[in-house]
Amino acid sequence: MSAAAAAPAEADAVLTARGLTKAFGGFHAVDDLDLTIRQGTIHALIGPNGAGKSTVFGLLTKFHTPTSGRITLAGEDITGLKPADVVRRRMVRSFQISAIFPHMSVLENVRVSLQRHHGLDRQFWRPLSSLARLDGEARALLAQVGLEDAADDMAANLSYGRKRALEIATTLALDPRVLLLDEPMAGMASADVQMIARLIAKVGQGRTVLMVEHNLNVVEDLCDRVTVLARGRLLAEGDFATIRADRDVRAAYIGAEDG
Ligand SMILES: Nc1ncnc2c1ncn2[C@@H]1O[C@H](COP(=O)(O)OP(=O)(O)OP(=O)(O)O)[C@@H](O)[C@H]1O
């Protein structure tokens, strides 16, 4: 557990939400939520099914328009921005394996992401030297996620865990300072869970990570701070030990299991 697990301070907040609310019709999926994500932490957003976690991600990345409330990124109010504006400000959400082009090579997948990051996807004509430079960058990213040996393989042929690693590499290609991971362990066998957890710890260095995660062992091992949502509202916040001991959190999870 790092020193960053201590009480939140606005001074080193990189991402904040204040009074964040999203109503679908009369139903409040997210209800008056305050959230402070501190620079350099790995922060988990947990809660029972339907708690509003995905909706919070959609709001932070501007895929949903808030009904009310404000969001800041590195001190800038981003509430009115569009999703692409948020990516340009280097807050990037990983879209899981569905974001991979299965019939491209592993290297080409990362290169496409790099082209987007460098604005080269909008240029019809490109000097060969720029493509060669991208290949170098792409190979370096593949090395970071342990896929350097698979550069020329078709993405479709990777194992499930390695597809997730590739997807993380395509996200890193956008040079995120804040990385949002939506259930990175979903569908993983336990060996792959270990591999991806190590990878998140590694790529989290020097970045801020906010992750929705159902696997509480992973949250305990990986995350400096945990926010618990229930029925769209903040239920508890703190380090994992604090959260685990919280009676309201236990009741929410047990209630959800019973329900
Ligand atoms: N577009 C929508 N229209 C209506 N209701 C929605 C919409 N999106 C989400 N909801 C509702 O908002 C609530 C919160 O959903 P959300 O997907 O954010 O929860 P979650 O915590 O991510 O759940 P899970 O862990 O099951 O993925 C749910 O009751 C869901 O049915």
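The following questions and answers go through a predicted model of one chain.

Biologist: How many helices and strands does the secondary structure of the chain come to?

Modeller: The chain has 259 residues, and buried ones make up 41% of them. Its secondary structure comes to nine helices and 10 strands.

Biologist: Which helix gives the most residues to the shell around the ligand?

Modeller: The residues around the ligand include Phe24, Ala29, Gly47 and Asn49, and also Lys53, Ser54 and Thr55. One helix spans residues 53-60 and gives three residues to this shell. The helix that gives the most is H1.

Biologist: How do the residues of that shell divide into nonpolar, polar and charged?

Modeller: Gly counts as polar, and Gly47, Gly50 and Gly52 are among the residues around the ligand. The shell divides into three nonpolar, six polar and one charged.

Biologist: Is H1 mostly covered or mostly uncovered?

Modeller: A residue is buried if 20 or more other C-beta atoms lie within 10 Å of its own. In H1, the buried residues include Lys53 and Thr55, which are also among the residues around the ligand. Seven of the eight residues of H1 are buried, and the helix is mostly covered.

Biologist: Which residue with a positive phi follows H1?

Modeller: Leu59 and Leu60 of H1 are buried. After the helix comes a residue whose phi is near 75 degrees, and that residue is Lys62.

Biologist: Why does the largest nonpolar core lie between the two domains?

Modeller: This core has 70 residues, and Leu142, Ala169, Leu180 and Val228 touch the most other members. The core lies between the domains because both give residues to it: domain 1 (1-90 + 178-187 + 210-259) and domain 2 (96-175).

Biologist: Which residues does Val228 touch, not counting residues up to four places away in sequence?

Modeller: Val228 is one of the core residues that touch the most other members. One of its contacts, Gly47, is also among the residues around the ligand. With near neighbours in sequence left out, up to four places away, Val228 touches Ile46, Gly47, Leu235, Ala236, Glu237, Ile243 and Val249.

Biologist: Which strands are the edge strands of the open sheet with the order S2-S1-S4-S5?

Modeller: The sheet has four strands with antiparallel pairing. An edge strand pairs on one side only, and the edge strands are S2 (27-38) and S5 (76-77).

Biologist: What is the bridge partner of Thr72 in S5?

Modeller: S4 covers residues 68-73, and two bridges join it to S5, with the strands running antiparallel. The partner of Thr72 in S5 is Asp77.

Key. Residues numbered from 1 in each chain as written. Predicted model: local features only at pLDDT ≥ 70, side-chain atom pairs only at ≥ 80, totals over all residues. Near = placed C-beta within 6 Å. Buried ≥ 20, exposed ≤ 12 C-beta atoms within 10 Å, placed from the backbone. Core = buried A, V, L, I, M, F, W, Y, C linked by C-beta atoms within 7 Å. Domains from an automatic or database assignment. Contact = placed C-beta atoms within 7 Å. Pairing = 2+ DSSP bridges.
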